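I opened a fresh page for this one and kept my notes short. Come along as I go through what I looked up.

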Protein chains: 2
Amino acid sequence: MNQSNQEDFQKRIKIRFHDQKLLTTALTHSSYANERKLPRGKDNERLEFLGDAVLELIMSDYLFKTYRDEPEGKLTKMRASLVCEPTLAFCAKDIALGDYLLLSKGEDLTGGRERNSILSDAFEAVIGAVYLDQGFEEARKFVETYLLQDVDEKVLFYDAKTSLQELVQSISKESLSYILTKEEGPDHQKTFTVEAKLGGKVIGTGAGRSKKSAEQMAAYEAMKHKDRILR
Amino acid sequence: MNQSNQEDFQKRIKIRFHDQKLLTTALTHSSYANERKLPRGKDNERLEFLGDAVLELIMSDYLFKTYRDEPEGKLTKMRASLVCEPTLAFCAKDIALGDYLLLSKGEDLTGGRERNSILSDAFEAVIGAVYLDQGFEEARKFVETYLLQDVDEKVLFYDAKTSLQELVQSISKESLSYILTKEEGPDHQKTFTVEAKLGGKVIGTGAGRSKKSAEQMAAYEAMKHKDRILR
């Protein structure tokens, strides 16, 4: 990645870092630091440690104030469904974070830019960097914009298979199934395509790096087109 | 507890709450809310949820900035040893938090004011209340004053048995043992007294509600009087 890419990223997220090196660190995956033999602390793992705590507080504060009548146990569960790898990776994809990461050649060639674990960690590292460079309130704005906006949709996405199952049970006697229709690419870089079917009818299609994530995408698509289920 | 006690507590921690009810909630254990049939949300569990996240960020930020060369894994371990029940209960005892808690009669009679789990939770709830009432920076000051001051000593306390074992191994050939010397009180409210012995010599004495915490106290006392070990 070159400097102009980092410029692009800042335009995209509408934040101008005082300390450009801090952003570079947030975008540096450990595989890249290892490959280049960079000194210790030049990858994004420490920033991820910090960003995770920043995110935890922002979400806890949001849930505490939004759900005033919910007990602690419910808040903890909601927080866990928002601050989890699939949801954070989903948010990272929203800002095309994968395109700006510094990865080793190996990680790059094996689809690292789309790997949920890498994206989720980098998303937290960016939150940590925003917090250090711009302060807590700017970090909060960042999280509000890129995680809490359409939060219902994000929770829906995370829980799409459960939600679809519940919907189908309440309105239809036919049973829901997921059918693998395609498996492409070499072993280390497979893409799976799955159809969600109600009775004989396709109500959603999804693709992903694993069968599970393809099913999730198919269920999510079905939930967005409920008319296909109802008709 | 009456209002004057809440006044005392604020003088002790040098914080004047704008919203006195918020502090009352932080000091209310669920057993008291149940006994009095208070409406949902009037005990300190939700504030504990929030305070836990506030504390996590303050500690992460502190460790991130203090240990600039330590990898993420080490920071995570250090955070876990600081944000844990025994350490937080130790800090709660420093401000006599137990004296100000609203407990059910049952909890009060069975030593609830000295129970680590209750104290640790209430300490987090107070942090949550300070954050809501006074803001993040005031919460940080509170944590710096009551947790991060003498942090080395607190880590030492938490880890006293390990530290003592290491010290003894490095300077002595005699072996370390913990001897239970007293067991007092009724079953639900026992106090254990333990001596830490090196060879035949007592190098520390400690008391606690469990054998384990009594051993910890004995080890801590021995570490504070290293001359007894060296002589």
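My entries below go from the domains of one chain to the contact between the two chains.

**Entry 1: what I am looking at.** I am working with a predicted model, so I keep that in mind throughout. I began with how chain A is divided, and I found domain 1 at residues 3-150 and domain 2 at residues 160-230.

**Entry 2: the record for domain names.** I checked UniProt for chain A. An unreviewed entry there gives "domain: RNase III" for residues 6-135 of chain A. I looked up the secondary structure over residues 6-135 of chain A and got 68% helix and 0% strand. The C-alpha atoms at the two ends of that stretch lie 20 Å apart. The UniProt record, again unreviewed, also lists "domain: DRBM" at residues 159-228 of chain A. Here I noted a mix, with 41% helix and 36% strand over residues 159-228 of chain A. The end C-alpha atoms of this stretch are 19 Å apart.

**Entry 3: the annotated site.** Which residues does UniProt mark as "active site" in chain A? I found A:Asp52 and A:Glu124, from an unreviewed entry. They span 73 residues in sequence, yet no two of their C-alpha atoms are more than 5.6 Å apart, so they gather at one spot. I also placed A:Asp52 on its element, which is helix α4 of chain A, residues 45-66.

**Entry 4: domain against domain.** I took the centres of domain 1 and domain 2 of chain A over C-alpha atoms and found them 28 Å apart. Their contact involves 5 residues of domain 1 of chain A and 4 residues of domain 2 of chain A. I got about 340 Å² buried between these two domains of chain A, with 49% of that on carbon and sulfur atoms. On the domain 1 side of chain A, the three residues that supply the most are A:Phe90, A:Thr110 and A:Glu114, with 69% of the area this side buries. I sorted that side by class and counted 2 nonpolar, 2 polar and 1 charged residues. How many salt bridges cross between domain 1 and domain 2 of chain A? I found 0 salt bridges, and the search for residue pairs in polar contact, both at pLDDT 80 or more, also came back with 0.

**Entry 5: chain against chain.** Next I turned to chain B and chain A. I counted 27 residues of chain B in contact with 27 residues of chain A. The area buried between chain B and chain A is about 2500 Å², and carbon and sulfur atoms give 66% of it. Within chain B, I noted B:Arg46, B:Phe49 and B:Phe64 as the residues that lose the most area to chain A, together 34% of what that side buries.

**Entry 6: polar links and elements.** I found 10 residue pairs in polar contact between chain B and chain A, both at pLDDT 80 or more, while the salt bridge count between these chains is 0. Which element gives the most residues to the side of chain B that touches chain A? I have α4(B) down for 13 residues. The elements giving two or more residues to that side are α4 (45-66), α5 (72-82), α8 (116-134) and α9 (136-148) of chain B. By class, I logged 13 nonpolar, 2 polar and 12 charged residues on the side of chain B that touches chain A.

Technical notes. Residues are numbered from 1 along each chain as its sequence is written. Chains are lettered from A and ligands numbered from 1 in the order in which they are written. This is a predicted model: local features need pLDDT of at least 70, side-chain atom pairs count only at pLDDT 80 or more; totals for chains, interfaces and linings use all residues. Side-chain values use heavy atoms; hydrogens and water are left out. Contact means heavy atoms within 4.5 Å. Buried area is the accessible area (1.4 Å probe) that two parts lose on being put together, summed over both. A salt bridge is a side-chain nitrogen of Lys or Arg within 4 Å of a carboxyl oxygen of Asp or Glu. A polar contact is a pair of N or O atoms within 3.5 Å; within protein, one must be able to donate a hydrogen and the other to accept it, and residues adjacent in sequence count only if both atoms are side-chain atoms. Helices (H or I, at least four residues) and strands (E, at least two) are DSSP runs, numbered from the N terminus. Ala, Val, Leu, Ile, Met, Phe, Trp, Tyr, Cys and Pro count as nonpolar, Asp, Glu, Lys and Arg as charged, and the others, Gly among them, as polar. UniProt positions are given in the numbering used here, feature names are shortened, and annotations may be inferred rather than shown by experiment. Domain bounds come from an automatic or database domain assignment.
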